[in-house]
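Visitor: I'd like a close look at one part of this protein: the charged pairs. Could you walk me through them slowly, and then show me what else sits around them?

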Amino acid sequence: MIKKILKGKYKGLWLVRIQPMVNGKRKSVTRRADSKLEAQKLEIDLKVKYASYKNGLPSITDESQLLIEYTKFVEKKAQSITATTNRSWRYSLTLLGKYLKYENKVGIQLRDVDQHFFNDFGHWYLNNHPKASVKKSTVIDVTLAHFRTFFTFLIDKAVLAVNPIPKGYLKLFFKQSDFSTGRKWHLFSKDEISVLREELLKEYKGATIANSVSRLALIVDTYLGLRPEELQVLKFDQLVEYEGSYTFKIDDSWSERKPNGSLKDRPKGAYRYCLPIKNTEVIDLIKDFQIKQKKYLDEYGLKNTSGYIFLNLHNYKSISSNNQLPVTQKSLNEKLKAVCKNAGIEKQKDTVLVLYSLRVYLSSLLGNDNRISNMYACQRMGNTIQVFLSTYVKENRESYKENSQLWNC
């Protein structure tokens with residue numbers, strides 16, 4: 001049935017109603033259109049659509065509620081992602097629930113969600129989070145990416161025809177002034193790394209066995225540039241000789257309060273060789289520390305069952321349990337800052353001094369050395385070429401200064 005609405009809130013629009021049989025019962029379905037022609041097309045589409053539902057509605061249709069279906073999707077997703085990634089998905093669900101409640105649209109159906117809905121959502125988030133910014137990999141970017149993945153799933157299931165979150169959504173949803181340059185990591189110079197290593201070695205030799213763990217971890221990372229979660233779970237038996245040098249063959253990373261059982265975004269069993277450590281003194285330190293660590297634990301009747309080099313020796317409860325804990329990322333970052341201060345190293349203005357600063361430093365050395373292939377660098381650092389070049393490789397401070405001196409106009 002098609003008829004023009006003559007009064008009320010929707011006066012001037014055209015009403016479309018069909019009454020298909022679903023599961024042996026008559027169901028009334030109504031829609032509105034702007035013109036008679038659109039109403040006629042809509043009636044045909046509805047009849048075709050519901051003809052395929054005569055044996056029962058599918059588990060999800062365009063009339064399903066957004067919040068309910070996204071909740072189901074997130075719960076299903078949790079079975080195939082890490083705890084850290086799952087927390088990100090859960091937060092996107094929390095934000096969606098808050099926004100729908102704020103807009104009084106908790107029951108909004110999938111067919112009523114469009115690009116304007118998520119544009120408004122993005123600006124609502126920024127307005128309610130003053131410290132938030134717009135940039136790749138920020139909370140709003142990741143959240144919208146999660147929603148886009150969900151709607152891509154719906155399109156694949158033929159529930160919807162168009163994704164309400166388009167490609168390049170950040171540039172479409174936000175004006176240029178909403179964007180920020182984001183945080184920048186402090187980029188060490190070669191001289192600073194040399195001074196840092198000297199200070200670390202001095203402090204390591206003067207520290208107790210329990211207090212020397214984080215210092216040794218930092219010494220090792222100045223040569224490897226690992227992700228913090230990879231550094232935490234380095235094991236003594238992963239130290240190997242490969243292609244004429246010592247290095248680590250790693251296959252695990254840390255997440256929350258337990259190991260992932262795999263490297264970041266890699267299947268279980270996948271491994272990689274880290275950068276070679278050409279400094280034999282560092283290798284000797286690691287081997288000597290293994291002996292010292294065992295002797296220390298023996299005094300308390302404890303054993304290193306995990307094999308972690310950087311086992312948290314202050315946490316006796318964890319060492320005596322089946323879930324031994326390595327040093328925390330927080331303690332490593334704090335130790336790095338403290339040692340840099342002792343060494344007289346000042347971080348660059350508007351930068352962050354954390355473990356990733358060491359990773360950026362080594363990546364930049366690799367990326368700026370024409371003798372070393374990018375493929376080799378990516379394999380040893382555990383990144384794709386795109387991420388390696390766009391995220392980690394910066395012009396090192398020495399070459400930047402040289403270019404400035406060479407320029408003459």
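Guide: Let's begin with the term itself: a salt bridge is a side-chain nitrogen of Lys or Arg within 4 Å of a carboxyl oxygen of Asp or Glu. The general idea is simple: side chains of opposite charge can pair when their charged atoms come close. Keep in mind that you are looking at a predicted model. Searching the whole structure turns up 13 salt bridges. Let's go through some of them.

Start with a pair inside one helix. Glu 69 forms a salt bridge with Lys 72, and their closest N and O atoms are 3.6 Å apart. Both residues belong to helix H2, which covers residues 66–77. They sit 3 residues apart, and that is about one turn of the helix. How buried or exposed are the two partners? Glu 69 has 10% relative accessibility, so it counts as buried, because the cut-off for buried is under 20%. Lys 72 comes out at 44%, so this residue counts as partly exposed. The label fits because partly exposed covers what lies between buried, under 20%, and exposed, over 50%.

Next, a pair that joins two helices. Arg 215 forms a salt bridge with Glu 203, with the closest N and O atoms 3.0 Å apart. Arg 215 lies in helix H8 and Glu 203 in helix H7, so this pair ties together parts that are 12 residues apart in sequence. Here both Arg 215 and Glu 203 are buried.

Those two helices come up again if you look for empty space. In general, rolling a probe the size of a water molecule over the atoms shows where empty space is left. In this model, the second largest pocket has a volume of about 520 Å³. It is lined by 21 residues, and the closest to its centre are Leu 275, Leu 362, Leu 365, Leu 366 and Ile 372. Which elements give two or more residues to that lining? They are helix H7 (190–206), helix H8 (213–224) and helix H13 (355–367). Sorted by class, the lining holds 11 nonpolar, 4 polar and 6 charged residues.

Now for a pair that reaches much further along the chain. Glu 243 forms a salt bridge with Arg 380, the closest N and O atoms being 3.1 Å apart. This one links distant parts of the chain, with the two residues 137 positions apart in sequence. Glu 243 is in the loop between strand S6 (239–242) and strand S7 (245–250), while Arg 380 is in helix H14, residues 374–381. The partners also have contrasting surroundings. Glu 243 counts as exposed because its relative accessibility is 60%, whereas Arg 380 is buried, with a relative accessible area of 7%. There is also a shared set of partners elsewhere: salt bridges join Arg 227, Glu 230 and Arg 272 into one network.

Stay with Glu 243 a moment, since its backbone deserves a look too. Its phi is near 55°, a positive value in a residue other than glycine. Ser 137 is another such case: its phi is positive, about 75°, although Ser 137 is not a glycine. You'll find Ser 137 in the loop between helix H4 (115–128) and helix H5 (139–156). At 56% relative accessibility, Ser 137 counts as exposed.

Helix H14, where Arg 380 lies, also holds Met 375. Together with Ile 385 and Leu 389, Met 375 makes a nonpolar surface patch of about 250 Å². Met 375 has 46% relative accessibility, so it counts as partly exposed.

To finish, here are two distances that compare sequence with space. Thr 84, in helix H3 (residues 83–102), is 171 residues away from Ser 255 along the chain, yet their C-alpha atoms are separated by 6.8 Å. Thr 84 counts as partly exposed, at 38% relative accessibility. Phe 153, in helix H5, is 10 residues from Asn 163 in sequence and 9.6 Å from it in space, C-alpha to C-alpha. At 32% relative accessibility, Phe 153 counts as partly exposed as well.

Methods
Residues are numbered from 1 along each chain as its sequence is written. This is a predicted model: local features need pLDDT of at least 70, side-chain atom pairs count only at pLDDT 80 or more; totals for chains, interfaces and linings use all residues. Side-chain values use heavy atoms; hydrogens and water are left out. On a 1 Å grid over the protein atoms alone, a cavity is a set of points where a 1.4 Å probe fits but cannot get out, and a pocket is an open set with protein on both sides within 12 Å along at least five of seven lines; lining residues have an atom within 4 Å of a point. Grid points are joined across faces, edges and corners, and a volume is the space filled by probe spheres set on the points. Helices (H or I, at least four residues) and strands (E, at least two) are DSSP runs, numbered from the N terminus. Ala, Val, Leu, Ile, Met, Phe, Trp, Tyr, Cys and Pro count as nonpolar, Asp, Glu, Lys and Arg as charged, and the others, Gly among them, as polar. Buried means under 20% relative accessible area, exposed over 50%, partly exposed in between (1.4 Å probe, protein chains only). Patches are made of residues with over 30% relative accessible area and no salt bridge: like charges are joined within 9 Å, nonpolar side chains (Val, Leu, Ile, Met, Phe, Trp, Tyr) within 5 Å. Accessible areas come from the Shrake-Rupley method with a 1.4 Å probe; for residues, only the protein chains shown count as cover.
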